[in-house]
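Biologist: Could you walk me through how the two chains in this entry come together? I would love to hear the reasoning behind each answer.

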Protein chains: 2
Amino acid sequence: MTIQIRTLDSAQADFRQQLAHVLAFEAAEDEAIDRAAATILAAVKTRGDAAVLEYTNKFDRLQAGSVAALEIPRAQLLAALEALPASRRGALQTAADRVRAYHERQKIECGSAGFSYTEADGTVLGQKVTPLDRVGIYVPGGKAAYPSSVLMNAIPAKVAGVADVIMVVPTPDGIKNPLVLAAAAIAGVDRVFTIGGAQAVGALAYGTDTIPAVDKIVGPGNAYVAAAKRRVFGVVGIDMIAGPSEILVLCDGSTDPDWIAMDLFSQAEHDELAQSILLCPDAAYIDRVQASIDKLIGDMPRQEVIRTSLTNRGALVKVRDMAEACEIANFIAAEHLEISAAEPQRWADLIRHAGAMFLGRYSSEALGDYCAGPNHVLPTSRTARFSSPLGVYDFQKRSSMIHVSEAGAQTLGKVAAELAYGEGLQAHARSAEYRLK
Amino acid sequence: MTIQIRTLDSAQADFRQQLAHVLAFEAAEDEAIDRAAATILAAVKTRGDAAVLEYTNKFDRLQAGSVAALEIPRAQLLAALEALPASRRGALQTAADRVRAYHERQKIECGSAGFSYTEADGTVLGQKVTPLDRVGIYVPGGKAAYPSSVLMNAIPAKVAGVADVIMVVPTPDGIKNPLVLAAAAIAGVDRVFTIGGAQAVGALAYGTDTIPAVDKIVGPGNAYVAAAKRRVFGVVGIDMIAGPSEILVLCDGSTDPDWIAMDLFSQAEHDELAQSILLCPDAAYIDRVQASIDKLIGDMPRQEVIRTSLTNRGALVKVRDMAEACEIANFIAAEHLEISAAEPQRWADLIRHAGAMFLGRYSSEALGDYCAGPNHVLPTSRTARFSSPLGVYDFQKRSSMIHVSEAGAQTLGKVAAELAYGEGLQAHARSAEYRLK
């Protein structure tokens, strides 16, 4: 059984249009979903716990008596961790340790200490960096419940110094995912509520008697969650609205084609909208990858998802050379970029836009998804042109520090007044002039 | 003529509710404006230049023959700069130099070099930092056209290394603001188009034959611009949607009350919705500030705006002591926080949330607005709880770098496979296992 993947050649005259067509993805903006989310948010804002309880019991088919009853006590998280088989518990702990180590390095290297400098006249300028007070982490329930995402969202917040990390995760029909609870225990999540949907977003944004209001909400969710996050943006901070996951593989044609086929599968198995693209200068190698795909697909438990994803959104692209592949990669600005080649750093130096780069034949994306250390929450849908992996910096903010000396006020006051008069803001000018001797 | 400003006392039982009432501000979400913006965006996306030209000629009452004719050539920017009086030109240049110096420092101190480290088994992890390729800066036309904002938006982008900075500024009835053009010349803006409104946002987000598509749009605008920015978020990056400007003054009661009154005016004169609040432990001093306000208001050219702002949104608050003032300041999370006191650093150390802190009696906010160096684009409406001043970091993004060695793949592969099986993602597991020997 074969998979018919689109093949493109960069030498074709209309290649760029064809590529743009392959990349085109617009999240359905469903007005009905948006209105439903707005209604739920308004109810939670007005009626607090009562609304959260009603929606949760209704949508998740529960009979909870209060929102307090929806909280999972820490003892239960720890029990879930204790109950794991040793190998899985060890793997989760190793992953958490490596993610923490990378983000601690990131915290140090990315200016978390702030800075300050003194000018000749005694004026001091600088920047103070502080963690957010309280953060909410949305974790999807059901089939897309990934313990690795709990680690990737909670650990950077804790490394940043966020005192309160509140996790929400819906439990339809009361079914809890023990790996997710164990991950929350390992990541140091402070409180967990089994609520989801727009009602959970509303509870975190506005606060209720039981659920504390947070300063930022991160983590992926369904269309209602995304619509609700967009609407509460400004009341609280939010992370990017994630699109379908993508992998772009640049291969020089010397990697085992089975490896590349499986790397393409690993992205495609996420969901039908996921996107896997290969760029390679070697046409014969592309054929070998196609053959590997056809050979390996039958063994995949999620083969239907993979087949749909590769058929509808995948592409095997013949390029002129690796340099052209890098140029095309900059246009695509992929979430995950694998450079499976002999001199990966040489090509990585040409890449300006990518969420995460996986260099060399041994750096399969799956390693980064779980345990290499860097975050797996990455910009999708070409947004790597302007945004970054989730990181410690997302849980910090800066304040400018301005301490003007008496001498400094003499020089700066004249400049400020001159410009303030130019803008017609006389109180600004006077305020500066008062400080002149 | 006196101004009746609301007075509060933190000792009152319902103080927190009263304070919350004073701070409450919800941007009117006008469905009609949002729909109009959506219509304009769709037209620009579909018809490009033709739509931009039609809307511009209609809304700004122009008769341009093409979008190309709406571009201001660099020679005209330079001519505007040359034509300025020497004192104003000098002030603009000094401000630009100081803003550039601060942001260059910020670039160095905030991890722009990225980082990289090698683990014992040869695996290399790190982070690469790159500038955005192209950025759009929206500059409002008419009465709120501030040359200082051109500097504050464009200079950090240039310091970050953005190659193309495209400025848009509407010119209703064809009237151009020479100070704005001069500021664009000084800041190193690459191209300027005299377009505005949702049509300018659409042109920058989608690109037209004449106007290049950008990766991020920054800068304030009216309700149509804000609605359009919200809608293109995701296609491009955007900065925060700014609310009304605010100042919070913490004063120990020893600063000349005229200075404090004028500082409160300098915020209030921006617009009727601007907010000025004083926190002070000395009731008699608060009376002196009120007296200064009444004494000084008559001389202010913008006294009607100041009066409305202070009457509707201002407050003079008696607090127990400076420590309590800091605690309240953390709740308010003000855009501008002036600490006009004998030991300003002592109190600044207690502040967790503020856009910019102005320390000491000589650091009037006006100095920071124009020329101290730090950015004057700051988080408003309590968003300093989770966001930061505009900075070099807003024009950069990060990519994670993962180069797993053959030896590293042996350890990481087992951990990743274990967790992937736990999540039911078999292709992920196989992809990791292929790299095991």
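Modeller: Happily! One term to begin with: two strands pair if DSSP finds at least two bridges between them. Please keep in mind that this is a predicted model.

Biologist: In which sense do strand 15 of chain A and strand 14 of chain B pair?

Modeller: Strand 15 covers residues 396-403 of chain A, and strand 14 covers residues 356-359 of chain B. Within this pairing, A:Ser400 stands opposite B:Ala356. Three bridges join the two strands, and their sense is parallel.

Biologist: Thanks! What kind of axis relates chain B to chain A?

Modeller: Chain B can be laid on chain A with an RMSD of 0.0 Å, using a turn of 180° and a shift of 0.0 Å along the axis. That is the relation of a two-fold axis.

Biologist: And why can one say that the copies meet through the same surface?

Modeller: The contact takes 120 residues from chain B and 120 residues from chain A. The copies meet through the same surface because the interface residues of chain B that are also interface residues in chain A amount to 100%.

Biologist: How much area do chain B and chain A bury between them?

Modeller: Carbon and sulfur atoms carry 57% of the buried area. In chain B, the residues losing the most area to chain A are B:Tyr362, B:Tyr370 and B:Arg435, together 7% of what that side buries. The area that chain B and chain A bury between them is about 11000 Å².

Biologist: Lastly, how many salt bridges are counted between chain B and chain A?

Modeller: A salt bridge joins the side chains of A:Arg88 and B:Glu418, at 2.9 Å from N to O. Between chain B and chain A, the count of salt bridges is ten.

Notes:
Residues numbered from 1 in each chain as written. Chains lettered and ligands numbered in written order. Predicted model: local features only at pLDDT ≥ 70, side-chain atom pairs only at ≥ 80, totals over all residues. Heavy atoms only, no water. Least-squares fit on C-alpha atoms with pLDDT ≥ 70 in both. Contact = heavy atoms within 4.5 Å. Buried area = accessible area lost by both parts, 1.4 Å probe. Salt bridge = Lys/Arg side-chain N within 4 Å of Asp/Glu carboxyl O. Helix = DSSP H or I, 4+ residues; strand = E, 2+ residues; numbered from the N terminus.
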